[in-house]
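Here is a short tour for a reader new to this structure. Begin with the whole chain, then follow the parts.

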Amino acid sequence: MIPVDHLAPVFAQYPIEVVHAEGVWLHTRDGRCILDLYGGHAVAALGYGHPGWTRAVAQQAAACNFQSNAVPMDVRARAANKLARFAGGHFDSIFFVNSGAEANENALRMAFRMTRRTRVVAVEGAFHGRTAAAGAVTWGADKKWYEFPRAPFDVTFLPRRDIGAVEGGIGEDVAAVIVEPVQGVGGAFDMGAEFLAALRARCDAVGAQLIFDEVQIGVGRSGHPFAADLYGVRPDMITTAKALGNGFPCGALLMTPAVTAALKLEGLGTTFGGGPMACAAIEAVIDAIEAEDLLANVRRVSGLIRTTCTVGPVVGHQGAGFLHGLICDRPAKEVQAALLERDILAGTSGDPRVLRLLPPYTLGEPEVGLLRAALEDM
Ligand SMILES: Cc1ncc(COP(=O)(O)O)c(C=O)c1O
């Protein structure tokens, strides 16, 4: 392995070096073949070497690798149209960005612009990113890594799923409520339809914007286009990233007509967001999800994990679709290490007992059998 002398030493390293990948499999330099149930932090939605995605990115690279948002391009218009249609027609404008954190920054910015208020309500356990505003609404960031001298606005947190806390916690000074419908880093913890509906009702009552952070659960991972569809609750804005580009860095802010109406020329900006290669990747991801019926596959195979994988250290399940939490009877880190010894890559989470699975949407029944066998073997 090449020494990593010049990479900032901020990421703990897995003891594997990947040199090639195809489908749901990672091939390492020392000849191992590892089943990837982590998908590069929820990014590799189509897995590796997907022909349609690879072709789309290569063709766009050859045709025109970049032009800014000031230059109209068909591929950008097609990606926006496709994403808006995929999201069910509730969102009429899309602002493309580069990452999940950037999508959240801009969603919060729009909420402040629309309401002229000073406070944001977030949810305990939430992770929204590492930039100033996204970090300010991330649970525990102030103690762990935030580092900025102060938050850019007031933030308060609601306990997860606590419907009783909603009315008192969200007053008329609140610009926005930001929530992951299914928390990712927080441990594949789903907020449930009732809590989300209570947030919607309270936001309507006080005139606050409801933002669903679907950076991790969005673009099909829940088995539905967005978790908003799964829970039947319509936010004012959705932020998304990760699976959206299948590895090409990109994110998006989806806005309902009232939010769109508050936009003004040059009110939001970015250099790389909405670049043609990102847009080609986004288009290819949505095309593949639809052509290969991958939402149905996510629903079916995640159901199979629930029904067949309560074995070995696993005592329960939480989350939704392919943001799946295996609740363990021992530290998830130990289970993760034991799985990796058996050539299966999984992730941990903020909950020390929850192992997180974020596999590609193409995962099939045989691979669930391999997971079950490995768990049983522990
Ligand atoms: C729910 C959620 N929001 C926001 C982010 C930040 O996304 P990014 O790392 O692309 O800035 C993440 C990243 O893990 C996330 O899981």
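Helices (H or I, at least four residues) and strands (E, at least two) are DSSP runs, numbered from the N terminus. This is a predicted model: local features need pLDDT of at least 70, side-chain atom pairs count only at pLDDT 80 or more, and totals for chains, interfaces and linings use all residues. Residues are numbered from 1 along each chain as its sequence is written.

**The whole chain**

The protein chain has 14 helices and 16 strands. Its C-alpha trace spans about 55 × 55 × 45 Å along the principal axes. The radius of gyration, taken over C-alpha atoms, is 20 Å. That agrees with a compact globule, because 378 residues would give a value near 21 Å. The globule rule is 2.2 Å times the number of residues to the power 0.38.

Of the 378 residues, 52% count as buried. A residue is buried if 20 or more other C-beta atoms lie within 10 Å of its own, exposed if 12 or fewer, and partly exposed in between, with C-beta atoms placed from the backbone. Two residues are in contact if their C-beta atoms, placed from the backbone, lie within 7 Å. Among contacts with a separation of 6 or more, 73% join residues 24 or more positions apart.

**Two domains**

The chain is divided into domain 1 (18-49 + 293-376) and domain 2 (52-291). These bounds come from an automatic or database domain assignment. The C-alpha centres of the two domains lie 25 Å apart. Their contact takes 27 residues from domain 1 and 28 residues from domain 2. On the domain 1 side, the elements giving two or more residues include helix H1 (39-42), helix H12 (294-308) and strand E13 (314-320). H12 gives the largest share there, five residues. By class, that side has 13 nonpolar, 11 polar and three charged residues. Ala, Val, Leu, Ile, Met, Phe, Trp, Tyr, Cys and Pro count as nonpolar, Asp, Glu, Lys and Arg as charged, and the others, Gly among them, as polar.

**The core**

A nonpolar core is a set of buried Ala, Val, Leu, Ile, Met, Phe, Trp, Tyr and Cys residues joined through C-beta atoms within 7 Å. The largest one has 125 residues. Ala176, Val177 and Val285 are among those with the most contacts inside it. Helix H11 (residues 276-291) gives the most to this core, 11 residues. Each domain supplies at least three residues to this core. Leaving aside neighbours within four places in sequence, the contacts of Val285 include Ala45, Trp53 and Val219.

**Three residues**

| Residue | Place | C-beta neighbours within 10 Å |
|---|---|---|
| Ala42 | helix H1 | 26, buried |
| Val219 | loop between strand E10 (209-213) and helix H9 (227-231) | 29, buried |
| Glu341 | helix H13 (residues 332-341) | 12, exposed |

Most residues other than glycine have a negative phi. Ala42 has a positive phi, near 75°. Val219 has a positive phi too, near 55°. Glu341 and Ala374 are 33 residues apart in sequence, yet 9.5 Å apart in space, C-alpha to C-alpha.

**Around the ligand**

Which residues are closest to the ligand? They are Ser99, Gly100, Ala101, Gly129 and Val215, out of 14 that surround it. A residue is near a molecule if its C-beta atom, placed from the backbone, lies within 6 Å of it. Helix H4 (residues 100-115) gives the largest share of this shell, three residues. The shell divides into five nonpolar, seven polar and two charged residues.
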